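Hello,

Here is the structure I promised to pass on to you. Please open it beside this email and follow along as you read.

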Amino acid sequence: MNETNKSYDKADAVNETNKVDMTDYPLYKMSIKNNHKHPIKVSIVMPTYNKYHQTSLSLYGLSKQTFPHDEYEVILVDDASSDNTSNILKEVDVPFKFKYIQMKQNKGRSSVRNIGINHAEGDLLIFLDGEMLAPPAFVENHYKHHVHESNLVVTGAMHYEGVYTFIMPDYNEDQVAHLKELVGRDPEYRRLYENYEQTKQHSNVPCPLVTKEDIDTNRFQRLSFPNRYFLNSGLKHFGERLEGFTLPYIAFLSGNVSVRKANLKKSGLFDETFVGYGAEDWELGYRLYKNGVQFVLDPSTVAYHQEHGISKRKVKEQWGNHYRFVNKHPHIDVLILSLEWKELPFMHIHQTLVEYNELEERFPDEYNELKHAFCTMLFRIIEYLNNGQPVTKLYDLPEGSEERIKIHQQFETLRPRGFDYLASSFEQIYYL
C-alpha cells in the first residue's frame, strides 16, 4: 500500500511540473514549465528573434547539462518573433525550470535581456544567445568560478566556436563556400548537403544537418570551426585574468558571459537606448570594469554559435550603437576602440592606450594640443561612420596655424621618447 501511494505521489509530482503557469503582463506574456520551488542557483537569460530552428537545438543542449537540473533555469525571451518560435514551449521536453517570455512587440536586445534579468531567480546570471549550443559542462564550468569569488565576469565568448547545424537559404557566398568545405569531413553530412543542392530551388526553408543524436555523440563538431579573432590579436599573452590588459571590458560579450546579479544591480542593467546590433554589452562591461569587477577568460565555458544569415543592417546598427557608447563615455579607454576601424590588432590598440596613459603621467603639462587632437579624431571616426560620411580630414587645420605647428612639433618628439605605438596610431588617422 505504501509503495502504491508513493507511485501516485510521483505521478502527481510529474503532472505538477509538466503543467504550464501563464501570466500576462502589459509588454509580454510569460509561461513557466516545470515551475518547482527548489532554490535556483543559475539563471540563463537567452534572447531570441526569428531563430526557431537554432533555438530548439540550443534548448536541447541545455537539457543535457551536468549541473543539477533543479538548480538552474532557462529564461527564453522571444522578441516578438514572426517564425515558429512560439511553438517551442509545447514542443520542448526539458528537465529544468523553463520560462518562456513572449514579447508583444519587438523591443531590442537590451530591453529583452533586462526583462529576463528581472525574472531571474538565480544569484548567478549567464547571458547566452538563443542560437548558442552549450556543451554538457557549460553551466558547471561557469558556476565554479563564482563559488568562491563574488566579483567576477566569466566569458567563453572570446574562444568563439562556430557550427553549421542547418543549411540556411540566406547564407552569403562565403558561408556557402565554408559549409561546402566542412561537409566534406563526414559522408552523411555531405550526402545531406548534396541532396539540398539538388532540391534547393524548390525550397526556401532551412535544411537540418545536425540532429539531437549528433549533439549527444559530439558528431556535430565535424561541422564546427574555431574563430579565435580576439586571441589571435594577442590577448592570450595576458592570461586567464587579462592581467595588465587596458581594455578588459571587451570580454563582456553577451552571447556567452556570466556575472552575479548583485554586480548588475550595482552597475546597472543593459542600457535600453542601445537598439539593434552592437556595443550594448561592451557598454555594460565598461560600467562593471569601472566598478572593479575582475574579468576571466575560460575556454571550458565555450559554446558553439549556430551560424545563420547575416543581416545587411548589422553594420549600420553597429556604428550607431558605437556612437552612443562614445557619447555616453567619451573617455580615452573607450575612444581608443575607434582604432578597430583601421583594422589594428587589439594588442596595438592596447599598447597605444598604455603609451597614452604614460604620456599623461610623465608629461601632464605637455602635448596638450596633440592629446586633444587625438581624442577628437577618435571620436570623429565613429561620428562620421554613424553619419555615413567619408572618414577623412578628421582634424583639418589651416597650413601655418599655431595649433598645427604645435601638433607637428609635439608629434616629432613621440618616437624619440619611446611612444612608438601612439605615434603610429596618431599618424594613421591624422593623415587620412
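Glu 343 sits in the loop that links helix 13 (332–335) and helix 14 (346–362). Before you go further, please keep in mind that this is a predicted model. What is unusual about the backbone at Glu 343? Its phi is positive, about 60°, although Glu 343 is not a glycine. Is Glu 343 buried or exposed? With a relative accessible area of 71%, Glu 343 is exposed.

You can find another residue of this kind by going to Asn 50, which is not a glycine either and has a positive phi of about 55°. Look for Asn 50 in the loop between strand 3 (42–48) and helix 2 (52–62). The relative accessible area of Asn 50 is 27%, so this residue counts as partly exposed, a class that runs between 20% and 50%.

Now for the inside of the protein. The largest nonpolar core is made of 82 residues. Which residues have the most contacts inside it? They are Phe 127, Tyr 249, Ile 250 and Phe 252. Helix 15 (residues 368–387) gives this core its largest share, with 11 residues. There is also a second core, separate from that one, with 25 residues; among them are Val 42, Tyr 52, Leu 62 and Ile 126.

Next, have a look at the sheet. Four strands form an open sheet in the order 7-15-9-12, and their pairing is mixed. Strand 7 (132–133) and strand 12 (224–226) are at the edges; each has a single partner strand, so one side of each has no neighbour in the sheet. Strand 9 (residues 161–163) and strand 15 (residues 304–306) run parallel and are joined by three bridges. If you want a spot to zoom in on, try Glu 161, which stands opposite Tyr 304 in strand 15.

Glu 161 also leads us to the last topic, as this residue is one of those that line the largest cavity. How many cavities of 30 Å³ or more are there? The count comes to one. The largest cavity holds about 40 Å³ of space. Along with Glu 161, its lining includes Met 132, Gly 156, Ala 157, His 159 and Tyr 160. Asn 256, Val 302, Ala 303 and His 305 line this cavity too. Sorted by class, the lining has five nonpolar residues, four polar ones and one charged one.

Enjoy exploring, and write back with any questions.

Best wishes

Conventions
Residues are numbered from 1 along each chain as its sequence is written. This is a predicted model: local features need pLDDT of at least 70, side-chain atom pairs count only at pLDDT 80 or more; totals for chains, interfaces and linings use all residues. Side-chain values use heavy atoms; hydrogens and water are left out. A nonpolar core is a set of buried Ala, Val, Leu, Ile, Met, Phe, Trp, Tyr and Cys residues joined through side-chain atoms within 4.5 Å. Buried means under 20% relative accessible area, exposed over 50%, partly exposed in between (1.4 Å probe, protein chains only). Helices (H or I, at least four residues) and strands (E, at least two) are DSSP runs, numbered from the N terminus. On a 1 Å grid over the protein atoms alone, a cavity is a set of points where a 1.4 Å probe fits but cannot get out, and a pocket is an open set with protein on both sides within 12 Å along at least five of seven lines; lining residues have an atom within 4 Å of a point. Grid points are joined across faces, edges and corners, and a volume is the space filled by probe spheres set on the points. Ala, Val, Leu, Ile, Met, Phe, Trp, Tyr, Cys and Pro count as nonpolar, Asp, Glu, Lys and Arg as charged, and the others, Gly among them, as polar. Two strands pair if DSSP finds at least two bridges between them.
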